[in-house]
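Me: Please take a close look at one sheet of this protein and at a side chain that belongs to it. After that, describe how the other strands are arranged and which side chains sit among them.

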Amino acid sequence: MPEKLIGSLNGLEEGGKGLRFDVQSKAGEVIPAFVVHFDYQYFAYLNRCGHIAVQLDYMPGEFFSDDGQTLICATHGAEYAPDTGACLGGPCYGVGLDPISIEARDGQLFLISEEYDVVVNDD
Ligand code: FES
């Protein structure tokens, strides 16, 4: 499967700010996405709440709840498991986040996908 550079792992702290980036589908749709560091691993999802298709972070990159154990949507408080994207509570009503495959290697993060290309590194 083709791999595409998302960005550096620098600054992606465990339970800290996430890395935002955009993906583009084969149909040309540009969709915000993000990576978080949790439980010594990296997980990426489309930045789209299961309740309403809005971005989760209230401030760019702020995805974690205060205790660092869940990802939380700033709009109505839906909570998701950082390692699976599963809906844990709130108005996501069982609809989880859409995961995207990534790989961390040599200090860099790569998207592993035939479905999407990386468009932009936000910061
Ligand atoms: S839009 Fe995310 S909880 Fe409602």
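Reply:
## The sheet and its surroundings

Three strands in the order β1-β10-β9 make an open sheet with antiparallel pairing; the model that shows this is predicted. At the edges stand β1 and β9 (102-105), and each has a single partner strand, so one side of each is left without a neighbour in the sheet. On average, neighbouring strands of this sheet are turned by 30° against each other, with direction ignored. Between β1 and strand β10 (residues 108-112) there are five bridges, in the antiparallel sense. One position to look up is glycine 7, which stands opposite leucine 109 in β10.

The side chain chosen for the close look is that of lysine 4, a residue of strand β1 (residues 3-8). Is lysine 4 buried or exposed? Lysine 4 counts as buried because its relative accessible area of 17% is under the limit of 20%.

What does the side chain of lysine 4 reach? It comes to 2.7 Å from the backbone oxygen of serine 113. The backbone oxygen of tyrosine 116 is reached by the side chain of lysine 4 at 2.8 Å. With the side chain of aspartate 117, the side chain of lysine 4 makes a polar contact at 3.1 Å.

These partners belong to a longer list of residues. Not counting residues up to four places away in sequence, lysine 4 touches Leu109, Phe110, Leu111, Ser113, Tyr116, Asp117 and Val118. For Val118, the separation can be given in two ways: lysine 4 and valine 118 are 114 residues apart in sequence, yet their C-alpha atoms are 6.4 Å apart in space.

Phe110 also takes part in another arrangement. Arginine 105 lies over the face of phenylalanine 110, and the distance to the ring centre is 4.5 Å.

The next strands to follow are β3 and β4. β3 and β4 pair in the antiparallel sense, with six bridges between them. The two strands form a hairpin that has two residues between them, and in its turn aspartate 39 has a positive phi of about 55°. Phenylalanine 38 has glutamine 41, in β4, as its bridge partner.

β4 also pairs with strand β8 (residues 99-100), in the antiparallel sense and over two bridges. Here the bridge partner of tyrosine 45 is proline 99 in β8.

Alanine 44 is another residue of strand β4 (residues 41-46). With a relative accessible area of 3%, alanine 44 is buried. Which residues does alanine 44 contact, leaving aside its neighbours within four places in sequence? They are Phe34, Val35, Asp98, Pro99, Ile100 and Ile102. The C-alpha atoms of alanine 44 and valine 23 are separated by 11 Å, and the two residues lie 21 residues apart along the chain.

Aromatic rings come next. A pair of aromatic rings is described by how far apart the centres are and by the angle of the planes. With ring centres required to lie within 6.5 Å, the count comes to three aromatic pairs. One of the pairs is formed by phenylalanine 34 and tyrosine 45. It is tilted, with 5.9 Å centre to centre and 45° between the planes. The pair links distant parts of the chain, eleven residues apart: phenylalanine 34 is in strand β3 (residues 30-38) and tyrosine 45 is in strand β4.

Both rings of this pair belong to buried residues: phenylalanine 34 has a relative accessible area of 0%, and tyrosine 45 has one of 1%. Together with Phe63, the residues Phe34 and Tyr45 form one aromatic cluster.

A further sheet remains to be described. It is open, with three strands in the order β5-β6-β7 and antiparallel pairing. β5 (71-72) and β7 (87-89) stand at its edges, each with a single partner strand, so one side of each is left without a neighbour in the sheet. Two bridges join β5 to strand β6 (residues 79-80), and these strands run antiparallel. In β6, glutamate 79 is the bridge partner of isoleucine 72.

How values were computed. Residues numbered from 1 in each chain as written. Predicted model: local features only at pLDDT ≥ 70, side-chain atom pairs only at ≥ 80, totals over all residues. Heavy atoms only, no water. Helix = DSSP H or I, 4+ residues; strand = E, 2+ residues; numbered from the N terminus. Buried < 20%, exposed > 50% of the residue type's maximum accessible area, 1.4 Å probe, protein only. Polar contact = N/O pair within 3.5 Å; in protein donor to acceptor, adjacent residues only side chain to side chain. Contact = heavy atoms within 4.5 Å. Pairing = 2+ DSSP bridges. Phe/Tyr/Trp six-rings, centres within 6.5 Å; stacked < 30°, edge-to-face > 60°. Lys NZ or Arg CZ within 6 Å of the ring centre and 35° of its normal. Axes fitted to C-alpha atoms, helices over the stretch in contact; angles between N-to-C directions.
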